[in-house]
Amino acid sequence: MTLIETLVSARPGSALAEAMEKRTEILRLSEAAHDAVLLPRDPGGLSHGFRAALAARMARHNHNIALASHYDTLVARADEPGTALLAEPDTNVADPRTAEIVRHADRLTVAPRDATRAHIEALRQVRVTDADIVRLAELAAFVNYQVRVLAGLKLLGEMR
């Protein structure tokens, strides 16, 4: 069972369960994307725990507590001191590099249209590599995709 199926928890035999059954390939690909974005073999400058904490933070910004809880579990498994605090949107970050990454992750989640070239330059100024900037954008895009898919499936389940 994929994460999306688990979080939606459609009743067996329901119209929603049947609709999801017809989309098993999309659900499988979404799960593969989850693993690729959150648990890549080469995480670059964004460790697995850091990615999970940012994902939990993004889910919280979108008011999806169930998804945030999933990512909190990944943070705990990573066992990287200090990353769990980043999962909370109101956490202040002292380290300039981490603070800039968190600000950008928040921006990409809450107001993606506001992201500019100047924000990318600010990331570069604190030694975030171009590859890690792309990784961060992928993470934000994926988590926000998950939030929207889950919201859509919830609405479908309520309609039937």
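**A buried isoleucine, a helix pair and a shared core**

I101 is found in helix α7, which covers residues 96-110. The model described here is a predicted one, and I101 makes a convenient starting point for a tour of it. With a relative accessible area of 1%, I101 is buried, because this value falls under the 20% cut-off. Leaving out residues up to four places away in sequence, I101 touches L46, F50, L54, L123, V128 and L136. Another residue to look for from here is I120: it lies 19 residues from I101 along the chain, and the C-alpha atoms of the two are separated by 9.9 Å.

I101 also belongs to a wider group. The largest nonpolar core has 40 residues, and I101 is listed with L38, L54, L67, Y71 and L139 as those with the most contacts inside it. At least two residues of this core come from each of α1 (3-8), α2 (15-21), α3, α4, α5, α7 and α9. Helix α9 gives the largest share, with 9 residues. L54 thus appears twice in this picture, as a contact of I101 and as one of the core residues with the most contacts.

L38 offers a second view of the core. Its neighbours within four places in sequence aside, L38 is in contact with H48, R51, A52, A55, Y71, L74, L139 and F142. Two of these partners, Y71 and L139, are themselves named among the core residues with the most contacts.

L38 leads on to the packing of two helices. Two packed helices are described by the angle between their axes and the distance between the axes. For helix α3 (residues 24-38) and helix α9 (residues 130-159), the angle is about 145 degrees and the axes are 10 Å apart. The crossing in which α3 passes α9 is left-handed. On the α3 side, the residues that meet α9 are I26, S30, A33, H34, V37 and L38; on the α9 side, they are E138, L139, F142, Y145 and Q146. Sorted by class, this contact has 7 nonpolar, 3 polar and 1 charged residues.

Two of the α9 residues in this contact carry aromatic rings that deserve a closer look. The count of aromatic pairs comes to 1. The ring centres of F142 and Y145 are 6.0 Å apart and the ring planes stand at 40 degrees, so the pair is tilted. Both residues lie in helix α9, 3 residues apart, which is about one turn of the helix. Their surroundings can be told apart by accessibility: F142 counts as buried at 7% relative accessibility, whereas Y145 counts as partly exposed at 33%.

The loops add some details of their own. Most residues other than glycine have a negative phi. H63, however, has a positive phi of about 60 degrees although it is not a glycine. It is found in the loop between α4 (48-61) and α5 (65-78), and counts as exposed at 70% relative accessibility. D79 likewise has a positive phi, near 50 degrees, in a residue other than glycine. D79 has its place in the loop between α5 and α6 (83-86) and, at 65% relative accessibility, counts as exposed.

A last stop is R127, in the loop between α8 (117-125) and α9. R127 is exposed, with a relative accessible area of 63%. The C-alpha atoms of R127 and P96 are separated by 9.9 Å, and the two residues are 31 apart along the chain.

Note on methods:
Residues are numbered from 1 along each chain as its sequence is written. This is a predicted model: local features need pLDDT of at least 70, side-chain atom pairs count only at pLDDT 80 or more; totals for chains, interfaces and linings use all residues. Side-chain values use heavy atoms; hydrogens and water are left out. Axes are lines fitted to C-alpha atoms, for helices over the stretch in contact, and angles run from 0 to 180 degrees between N-to-C directions. Helices (H or I, at least four residues) and strands (E, at least two) are DSSP runs, numbered from the N terminus. A crossing is left-handed if the near helix is turned anticlockwise from the far one by less than a right angle, and right-handed if clockwise. Contact means heavy atoms within 4.5 Å. Ala, Val, Leu, Ile, Met, Phe, Trp, Tyr, Cys and Pro count as nonpolar, Asp, Glu, Lys and Arg as charged, and the others, Gly among them, as polar. Buried means under 20% relative accessible area, exposed over 50%, partly exposed in between (1.4 Å probe, protein chains only). Rings of Phe, Tyr and Trp (its six-membered ring) pair if their centres lie within 6.5 Å; planes under 30 degrees apart count as stacked, over 60 as edge-to-face and the rest as tilted. A nonpolar core is a set of buried Ala, Val, Leu, Ile, Met, Phe, Trp, Tyr and Cys residues joined through side-chain atoms within 4.5 Å.
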